[in-house]
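Got the viewer open? Let's take a short walk through this model, one selection at a time.

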Amino acid sequence: MGLDLIFKIAGIGIIVAVLNPILTKAGRDEQATLVTLAGLILAMLVIAGEVRDLFSTLKSLFG
């Protein structure tokens, strides 16, 4: 867990922040919503992987 995690989440956020207004101005509001939802899901998957590693470390430390 380090700086690369922050960069991964920030990269996802930047991509979503760029695509969302472009799609909204093009009249594709549904796709803009789906891009936002996909970005949220990707960020949660990245965080879930890190939480899984944290719990396995704690289990091996206290188990």
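Here is the tour, from the whole chain down to single residues.

**Before you click.** This is a predicted model, where local features need pLDDT of at least 70, side-chain atom pairs count only at pLDDT 80 or more, and totals for chains, interfaces and linings use all residues. Residues are numbered from 1 along each chain as its sequence is written, and side-chain values use heavy atoms, with hydrogens and water left out.

**Select the whole chain.** You'll find 2 helices and 0 strands; helices (H or I, at least four residues) and strands (E, at least two) are DSSP runs, numbered from the N terminus. Along the principal axes, the C-alpha atoms fill a box of roughly 55 × 20 × 5 Å. The radius of gyration is 16 Å, while a compact globule of 63 residues would have one near 11 Å (taken over C-alpha atoms; the globule rule is 2.2 Å times the number of residues to the power 0.38). Just 13% of the 63 residues count as buried (buried means under 20% relative accessible area, exposed over 50%, partly exposed in between, with a 1.4 Å probe and protein chains only).

**Now pick residues 3–25 and 29–62.** Those are helix H1 and helix H2, whose axes come within 8 Å and cross at roughly 175°. Axes are lines fitted to C-alpha atoms, for helices over the stretch in contact, and angles run from 0 to 180 degrees between N-to-C directions. So H1 and H2 are roughly antiparallel to each other (angles under 35 degrees count as roughly parallel, over 145 as roughly antiparallel, 65 to 115 as roughly perpendicular and the rest as oblique).

**Show side chains between the helices.** Residues in contact (heavy atoms within 4.5 Å) include Leu5, Ile12 and Leu23 of H1, and Val35, Gly39 and Glu50 of H2.

**Try residues 6–23, then 32–51.** UniProt lists both as "transmembrane region" in an unreviewed entry; such annotations may be inferred rather than shown by experiment, and positions follow the numbering used here, with feature names shortened. Residues 6–23 are 100% helix, with end C-alpha atoms 26 Å apart. Residues 32–51 are 100% helix too, and their end C-alpha atoms lie 29 Å apart.

**Last stops: two residues.** Is Leu45 of H2 buried or exposed? Leu45 counts as exposed, because its relative accessibility is 56%. Ile41 also lies in H2, and at 46% relative accessibility Ile41 counts as partly exposed. Measure from Ile41 to Arg28 in your viewer: their C-alpha atoms are separated by 20 Å.
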